[in-house]
Amino acid sequence: MQTHARAPVSRRRFLALSAAGAAAGAASLGGCALQVSTGVSSSGETVTMMVKADDLSPDLVKQAKKDTGVTIERVDYDITKLIAMLTSGSPPDLVRGVGAVDAAYFAARDVMQELDEYFAASSVLRLDDLDPVNDLWRYDGKVQGKGPRYGMAKDFSQDSMFWFNTAAFDKRNVSYPSETEPVTFDAWLDDARRLAQRSKGQTTVFGGSYNGLVKLTLMATMTASAGGSLFSDDFSRVDFTTPEARKALAWYIDYCGFRVGPSPVLPDPNGWDGPTYQAGRLAMSNSGYWMGGMIGTDKKLAQVSRLAPAPVFAGGPRISACQGGTGLWMPRKAKNKDAAWRVFEWFFGEAPAKARASSGWGIPTLKSLRPLMPAKEEYQKRTLRAQENELRHFSVVSLSPYISGDAFEALFNQVATPAMKGEMSVDSLAGHLNSTINQQLKRGKEQVG
């Protein structure tokens, strides 16, 4: 099912990506013999996968050879190396990516292979079995979530949902959030302030963590929760001065200023919420269902942990997006597309997918694998009920293809740090962010052409 080839992409299209760094991974690519491939010949071939060291274990490489007949050659994910391989016309056959921030960005630069014909012919990855989260990997040239499919998520979480530790709430005599009805952002922040513990001017227990996966997805999702859009209709500009974007920005600056949780001005020494929550030094974490895989390894922690819906702004819509959707995509100039698709099917629909679904480290992206989600223990059943209720409120929040997640993150943190320290007003910050980020968006749009 080889498709038409095009000339190698120019380095000009990746200028911004090279300078600022492309969006990197969020969650790792982890692990039935369901149906087998639909006639794509691949046995005896070799497929190169550019993934991170813990994305694909040696055992999985061996299992792939046994199950598919394809030899996988793993290459360490490195954005600089990826750009060089793409511009030279000799890319890997499959590349890891984060659907929310990577799909539109790379598709707009014409380096991704459309996969619709492969999906249409597959009995493993059937279109009617795909969870809507896979729409993160679609882009129609203007809007993310529509048009051709360029990849697929291995699993996902609704990343604005948050875990909370009932023991921490009991200690501070704070009422538990509902596991079915969302609290407001203001109520969440009030709870975080009451739950935070300090000693000698230092925060010893964080009341709550609310940073999203990257600032790009956080700000876009929160603005949507306020009833607006961070971007203009053509995604060429941001506007933090609209009432909805300003509301989201003001809330996050308050969160940072109150020093109730990790932020650019109060870093978590562990680097992410997991170890801090596990150590009892974090009362709430907006990590979504995904972190349940770690929580479940500690039965005592699991007994006191609850999963709650994504917060809302008073009067705003109920938005519960996926800010990640980590998976794989196929470069347009890949040399072994049919063999790569066979590995793609195996990874997302067969043995590795079954193992991931059973682990609790994310929601499977094939609806047929949902019954494998952990539901034996009472705490697992409770978590699953909360998650299933939240799935009704899932939506794709489209992002601009003209800026990478890393570039937005660097610019946002640089410009916003004075405001986080109380040295700049939110209104002044909104103007500065518009000026700085829109310059980057303008350059990105020029490079896409």
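Colleague: Which residue in E3 does Met49 stand opposite?
Modeller: Please keep in mind that this is a predicted model. Strand E1, which covers residues 46-51, pairs with E3 in the parallel sense over two bridges. Following the pairing to Met49, one finds that the residue opposite in E3 is Leu94.

Colleague: How many residues of strand E3 are buried?
Modeller: Buried here means under 20% relative accessible area. Looking at the two directions in turn, Leu94, Arg96 and Val98 point one way from E3, while Val95 and Gly97 point the other way, and all of these are buried. Strand E3 (residues 94-98) is therefore mostly covered, with a count of buried residues of five of its five.

Colleague: And which residue in E13 does Arg96 stand opposite?
Modeller: E3 is also joined to strand E13, made of residues 326-329, by four bridges, and these two strands run antiparallel. Within E13, the residue that stands opposite Arg96 is Leu328.

Colleague: Which strands stand at the edges, each with a single partner strand?
Modeller: Consider the open sheet of three strands, which has antiparallel pairing and the order E11-E8-E12. A strand with a single partner has one side left without a neighbour in the sheet, and this is why the edges belong to E11 (284-285) and E12 (305-308).

Colleague: Which residue in E11 is the bridge partner of Phe164?
Modeller: Strand E8, covering residues 162-165, pairs with E11 in the antiparallel sense, and the pairing runs over two bridges. At Phe164, the bridge partner found in E11 is Met284.

Colleague: In the hairpin of E4 and E5, which residue takes a positive phi?
Modeller: Strand E4 (residues 138-139) and strand E5 (residues 144-149) pair in the antiparallel sense over two bridges, and Tyr139 stands opposite Gln144 in E5. Four residues lie between the strands of this hairpin, and the residue with a positive phi, near 95 degrees, is Gly141.

Colleague: How many residues apart are Phe119 and Trp341?
Modeller: The count of aromatic pairs in the model comes to 29. In one of them, Phe119 and Trp341 meet edge-to-face, with 5.1 Å from centre to centre and 80 degrees between the planes. Phe119 belongs to helix H5 (residues 116-121) and Trp341 to helix H13 (residues 337-349), and the pair links distant parts of the chain that are 222 residues apart.

Colleague: Is Trp341 buried or exposed, and what is its relative accessible area?
Modeller: Phe119 counts as buried because its relative accessibility is 2%, and Phe344 is buried as well, with a relative accessible area of 0%. Trp341 is likewise buried, and its relative accessible area is 0%.

Colleague: How far apart in sequence are the parts tied together by Phe119 and Phe344?
Modeller: Phe119 and Phe344 form an edge-to-face aromatic pair, with 6.2 Å between the centres and 85 degrees between the planes. Phe119 lies in helix H5 and Phe344 in helix H13, so the parts tied together by this pair are separated in sequence by 225 residues.

Colleague: How many Å from the centre of the ring of Phe347 is the charged end of Arg356?
Modeller: There are contacts of a charged end with a ring to consider, and in one of them the charged end of Arg109 sits over the ring of Tyr105, at 3.7 Å from its centre. The charged end of Arg356 sits over the ring of Phe347, and its distance from the ring centre is 4.5 Å.

Colleague: Which elements give two or more residues to the lining of the largest pocket?
Modeller: The largest pocket holds about 760 Å³ of space. Its lining has 30 residues, and those nearest its centre are Gly212, Leu213, Gly271, Trp272 and Asp273. The elements that give two or more residues to this lining are strand E7 (155-156) and helix H16 (405-420).

Colleague: How many residues of the lining of the largest pocket are charged?
Modeller: The lining can be divided by class, which gives eleven nonpolar residues and twelve polar ones. The remaining class, charged residues, has seven.

Colleague: Which residues of the lining of the second largest pocket lie nearest its centre?
Modeller: The volume of the second largest pocket is about 190 Å³. By class its lining has six nonpolar and eight polar residues, and no charged ones. The lining has 14 residues, and nearest the centre lie Gly292, Gly296, Pro374, Tyr379 and Gln380.

Key: Residues numbered from 1 in each chain as written. Predicted model: local features only at pLDDT ≥ 70, side-chain atom pairs only at ≥ 80, totals over all residues. Heavy atoms only, no water. Pairing = 2+ DSSP bridges. Phe/Tyr/Trp six-rings, centres within 6.5 Å; stacked < 30°, edge-to-face > 60°. Buried < 20%, exposed > 50% of the residue type's maximum accessible area, 1.4 Å probe, protein only. Lys NZ or Arg CZ within 6 Å of the ring centre and 35° of its normal. 1 Å grid on protein atoms, 1.4 Å probe; cavity = no way out; pocket = protein on both sides within 12 Å on 5 of 7 lines; lining within 4 Å. Points joined across faces, edges and corners; volume = space filled by probe spheres on them. Nonpolar A, V, L, I, M, F, W, Y, C, P; charged D, E, K, R; others polar.
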